[in-house]
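Biologist: I would like to go through this structure slowly, asking at each step what a word stands for. Could you set each value against its definition before you conclude?

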Amino acid sequence: MKRTMAVVAAAALVLTGCGGDPLKGGGGAAGGQIVIGSADFSESELLMHIYAGALTNAGVQVTTKPRVGSREVLVKALQDKSLAVVPEYSGNLLQYFDKQNPAAQPDEVVAALKQKVPGGLEVLEKAAAEDSDALVVSKDLANQGIRSIADLGPKCSQYVLGAAGEWKDRWPAKIAQLYGCTFKEIKTTDAAGPVTVEALKSGQVQVANLFTTASAISANGFVALEDPKRLYPAQNILPLIRSEALDAKGKAALNKVSAALTTDKLVALNKRIEIDKETVADVAKEFVTQNKL
Amino acid sequence: MFDDLSRYLSSTSNQELVLTQLLQHIYLSLLPLVIGLALAIPLGWLAHRYRAASGVVFGVSNAVYTVPSLALFVVIPVVLGTQILDSLNVVVALTIYTTALLVRPVCDALDAVPFHVVAAATAMGYRPVRRFVTVELPLSVPVLSAGVRVASVSNISLVSVGALIGTGGLGVLFTSGFQISYTAPIIVGIVLTLVLALVVDLILVGLRRALTPWLRAGGTT
Amino acid sequence: MILQELFGWFGDPAHWQGPDGVPNRMLEHLGYTLLSVFGAAAIAIPLGLYVGHSGRGGVVLVGLSNAMRALPTLGLVTFLFLIAGGSEAGTIVGLIVLAVPPILAGTYSGVQDTDRGVVDAARGMGMTGWQRLWQVEVPNALPLLMGGLRNAALQVVATASVAAYVGLGGLGRLLLDGLRVIDYSKVLAGALFIALLAVLLDLVLAGLQRIIVPRGLRVAAAAVAGRPKARSSGRTES
């Protein structure tokens, strides 16, 4: 008898530890809890928290799921109903749904995007804030007269590029076509994180793919190259959602976020996270309060 | 470094984040331990009882162990048709590892039960199932518990890898800290993983003591 | 359908060439593994021999090495990357930490489990401490030591994929990059090659074990086990 008790106690101990899976529960039926996800970099996480704050204030019950992965994973997670809302970047998202789409200017891109988003998903209004991918070089290389991808083009074969794993699947053909650029090697680093920055700093790679809003660019004296032929299309921030998951009130709340978000504000917020190491959720909360979202 | 740490931990939203991930980590590592043990007992019994089965069982469990955890985490939703972010994927993957890891200890533990005790139980009229549950299994606890302790430690450290596929747990502190070159959350994550492993280990030791009263009564091991 | 895609992946010659090709990734993976296992062996074997031989510090050692097992490799590797400014060394150290406990446990328990009667006999024959260690305890410890080494190699091969997360190469690249673009055939191919590497490495180490473990020990083990297994005696005699 005593032994059975011990077994039961053991099971209870183990089970109370679970406290239920905080991530379980409807991936986001309208009215129920909706799940907001983010990609695996801090700006996306910041935007996720801002969306969450605005939706909470609009009376929507939300949970967050940070650092889910790349765009490919996020979209799949929206489609299989694990997620309901994710922050996205207009140009890259369009490229993802329609590889050959020529749209490059902000409004063009969003218009094209609205057509190309697969059924069940929907993009809301874009923010003025842009955060584009950018090819970045060290100060030395910039001083040798390389200021734009056009300058880099003919010399690409001398240089190694450091970028996230998916770069190789997305951009080589387009950059070759626009700028005649074929890199000597494309080294997989990470999604504009410390691996990429370290690789550029140490000279392991001479060109790196970072984001224009990244604090690491100015902090390390890197130079972001101009992109006159728009290799990377306009990248306005906008929410990608599963349509049925949000009602009009929720959508309005997210549109208000977009209306408040500018590139300068985003750069400042990023700096607080990346350089001052403030907590992402706190920075987001403050932004939501300040802008009365 | 310590300034960083105390600053990180003083933020209430960080505390919340850490606690959520800790709970998730406990869930993701201990549930597979329980299920894995439940699966390993019949499999280990098979290997113990039938030598022919042992080759198959051990062969498969060794093979399973060569599959990298990251790959298993990724492939499981394809095989099971679960949602890719479902924490069930990690639970299933770790259950597979736990089972593979525990089959041998279960078999060894059953082998270690003195034959004369089993024979005595048989002579007293115990039927096989009852004999297994009330005599062999309890007597195998001392040897078995060592295996369970190894499996719990290994699960607790493996769950962190789940962060790479977005299933949460303390590994999230590693990836998010890494992203912004911030060591404080990484240190917190490592320390909590160690503490969790230690606490679970102490609980398991306590359980073993509770389940083996004869060892204390006899005063010998 | 997945199998078809997988075969398609294998059939594409682009996947077999250059720095991203399977052969290069496999060599990188093997390189990290060997470096880590050798590094761990260089630390763990002397330490295990010392503690096992002298009998001092056994409890502390076992406790420490169990605690080391709980250290999450991903956390360690990211931490060391940030501390060491992005060098490869940090990742190798992380993997060494992973490999030390099994080797240490194997070495220590190998020496510890050496029949005390045999050790006493050696002492009675006038062997010095060094002689006892090298001529009696080490040979007796070899089966368990090699077991620990094989275990460590297996774990490192499987875990070295994590290195890809901090920008290194190896087969982990296939897993992580495949995951980012949801290319399951790439992920599966990566997993298969890692498993293959693990099996090959284990075979090599098993062969090594067969060569260096003294024959007398095998015969004795077979005698104790009561039934000579083909695996441990029969085949090697021919």
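Modeller: Let us begin with β10(A), where six of the six residues are buried, so that this strand is largely enclosed by the rest of the structure. This is a predicted model, in which local features need pLDDT of at least 70 and side-chain atom pairs count only at pLDDT 80 or more, while totals for chains, interfaces and linings use all residues. Residues are numbered from 1 along each chain as its sequence is written, and chains are lettered from A and ligands numbered from 1 in the order in which they are written.

Biologist: What makes a residue of β10(A) count as buried?

Modeller: A residue is buried if 20 or more other C-beta atoms lie within 10 Å of its own, exposed if 12 or fewer, and partly exposed in between, with the C-beta atoms placed from the backbone. In β10(A), I237(A), P239(A) and I241(A) point one way, whereas L238(A), L240(A) and R242(A) point the other way, and all are buried. In a regular strand the side chains alternate between the two faces of the sheet.

Biologist: Why is N101(A) called partly exposed?

Modeller: N101(A) has 17 C-beta neighbours inside 10 Å, and therefore counts as partly exposed. The residue sits in the loop between α4 (90–97) and α5 (106–116) of chain A.

Biologist: Which residues does N101(A) touch, not counting residues up to four places away in sequence?

Modeller: With those set aside, N101(A) touches L94(A), Q95(A), A112(A) and K116(A), where two residues are in contact if their C-beta atoms, placed from the backbone, lie within 7 Å.

Biologist: Which strand do five bridges join to β3(A)?

Modeller: Two strands pair if DSSP finds at least two bridges between them, and five bridges join β3(A) to β10(A), residues 237–242 of chain A, the two running antiparallel. The names themselves come from DSSP runs, helices being H or I over at least four residues and strands being E over at least two, numbered from the N terminus. Within this pairing V85(A) stands opposite I241(A), and Y89(A) stands opposite I237(A). Strand β4 (residues 121–123) of chain A also pairs with β10(A) in the antiparallel sense, over three bridges, and there V123(A) stands opposite L240(A).

Biologist: How do you know that β3(A) is mostly covered?

Modeller: Five of the five residues of β3(A), residues 85–89, are buried. Both faces are covered, with V85(A), P87(A) and Y89(A) on one side and V86(A) and E88(A) on the other.

Biologist: Where do the domains of chain A begin and end?

Modeller: Domain 1 of chain A takes in 30–130 + 234–290, and domain 2 takes in 133–224, the bounds coming from an automatic or database domain assignment. Their centres, taken over C-alpha atoms, are separated by 26 Å. Twelve residues of domain 1 of chain A are in contact with ten residues of domain 2 of chain A, and the largest share of the domain 1 side, six residues, comes from helix α13 (residues 263–274) of chain A.

Biologist: Why is the largest nonpolar core said to lie between the domains of chain A?

Modeller: A nonpolar core is a set of buried Ala, Val, Leu, Ile, Met, Phe, Trp, Tyr and Cys residues joined through C-beta atoms within 7 Å. The largest one has 223 residues, and among those with the most contacts inside it are I36(A), A99(C) and L175(C). Domain 1 and domain 2 of chain A both give residues to this core, so it lies between them.

Biologist: What makes α4(C) mostly covered?

Modeller: Ten of the eleven residues of α4(C), residues 73–83, are buried. What covers them includes α10 (194–202) of chain A, α8 (171–179) and α9 (183–211) of chain B, and α5 (88–112) and α7 (129–159) of chain C. Just after α4(C), G85(C) takes a positive phi of about 65 degrees.

Biologist: How many helices and strands are there in chain C?

Modeller: Chain C has eleven helices and zero strands, and buried residues make up 44% of its 238 residues.

Biologist: How many residues of chain C are in contact with chain A?

Modeller: 13 residues of chain C are in contact with 18 residues of chain A. The largest share of that side of chain C, five residues, comes from its helix α8 (residues 172–180).
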